[in-house]
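Here are a few short exercises to work through with the viewer open. Try each task before you read its solution.

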Amino acid sequence: MGYHAWCWIVRGIGLAGGAILLLGYYWENNSALHMLGIVVLIVAIIVAAWKLRCPKCGKRIPERINMTIERCPYCGEEL
């Protein structure tokens, strides 16, 4: 999988974690759902730190909302 696919995966995991966290809040302050939401958000951060890197130089690529990054800003490798 490429950089752009991992961007969407990280966003999906983060969105799921946020939704679970909100469900725990609105569902009579369910602490189990709160904890699960926090764990899922931490997983999203770990996956982002692990996978959102240049395949050639290994440097972290800055996350952009519109995902217009096509090349590594450090070495020029195509993502």
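Helices here are DSSP runs of H or I with at least four residues, numbered from the N terminus. Keep in mind that this is a predicted model.

**Exercise 1. Place I38 in a helix and say which surface patch it joins.**

Step 1: I38 sits in helix α2, which covers residues 31–51.
Step 2: Check its cover. I38 has a relative accessible area of 38%, so it lands in the partly exposed class.
Step 3: Look at its partners. M35, I38, I42 and I46 make a nonpolar surface patch, and together they have about 380 Å² of accessible area.

**Exercise 2. Work out how many disulfides there are, starting from C7.**

Step 1: The cut-off is a sulfur pair within 2.5 Å.
Step 2: For C7, the closest cysteine sulfur belongs to C54 and is 13 Å away, so that's too far for a bond.
Step 3: Now try C72. Its nearest cysteine sulfur is also that of C54, at 3.7 Å, and C72 is in no disulfide.
Step 4: The tally is zero disulfides.
Step 5: Are these cysteines buried or exposed? C7 counts as buried because its relative accessibility is 1%. C72 is buried too, at 4%.

**Exercise 3. List the residues of the largest nonpolar core, and find which element gives the most to it.**

Step 1: The core has twelve residues: Y3, W6, C7, V10, V47, A48, L52, C54, I61, I69, C72 and L79.
Step 2: The elements that supply two or more of them are α1 (3–26) and α2.
Step 3: α1 gives the most, with four residues.
Step 4: As background, nonpolar side chains in soluble globular proteins tend to be buried together.

**Exercise 4. Find the salt bridge and say how exposed its two residues are.**

Step 1: There is one salt bridge in the structure.
Step 2: It joins the side chains of R71 and E78, with 3.9 Å from N to O. That passes, because the cut-off is within 4 Å.
Step 3: R71 is partly exposed at 48% relative accessibility, while E78 counts as exposed at 52%.

**Exercise 5. Classify the aromatic pair of Y25 and Y26.**

Step 1: The count gives one aromatic pair.
Step 2: The ring centres of Y25 and Y26 are 5.0 Å apart and the planes meet at 75°, so call the pair edge-to-face.
Step 3: For cover, Y25 is partly exposed at 49% relative accessibility, and Y26 is exposed, at 64% relative accessible area.

Terms used:
Residues are numbered from 1 along each chain as its sequence is written. This is a predicted model: local features need pLDDT of at least 70, side-chain atom pairs count only at pLDDT 80 or more; totals for chains, interfaces and linings use all residues. Side-chain values use heavy atoms; hydrogens and water are left out. Buried means under 20% relative accessible area, exposed over 50%, partly exposed in between (1.4 Å probe, protein chains only). Patches are made of residues with over 30% relative accessible area and no salt bridge: like charges are joined within 9 Å, nonpolar side chains (Val, Leu, Ile, Met, Phe, Trp, Tyr) within 5 Å. Accessible areas come from the Shrake-Rupley method with a 1.4 Å probe; for residues, only the protein chains shown count as cover. A nonpolar core is a set of buried Ala, Val, Leu, Ile, Met, Phe, Trp, Tyr and Cys residues joined through side-chain atoms within 4.5 Å. Rings of Phe, Tyr and Trp (its six-membered ring) pair if their centres lie within 6.5 Å; planes under 30 degrees apart count as stacked, over 60 as edge-to-face and the rest as tilted.
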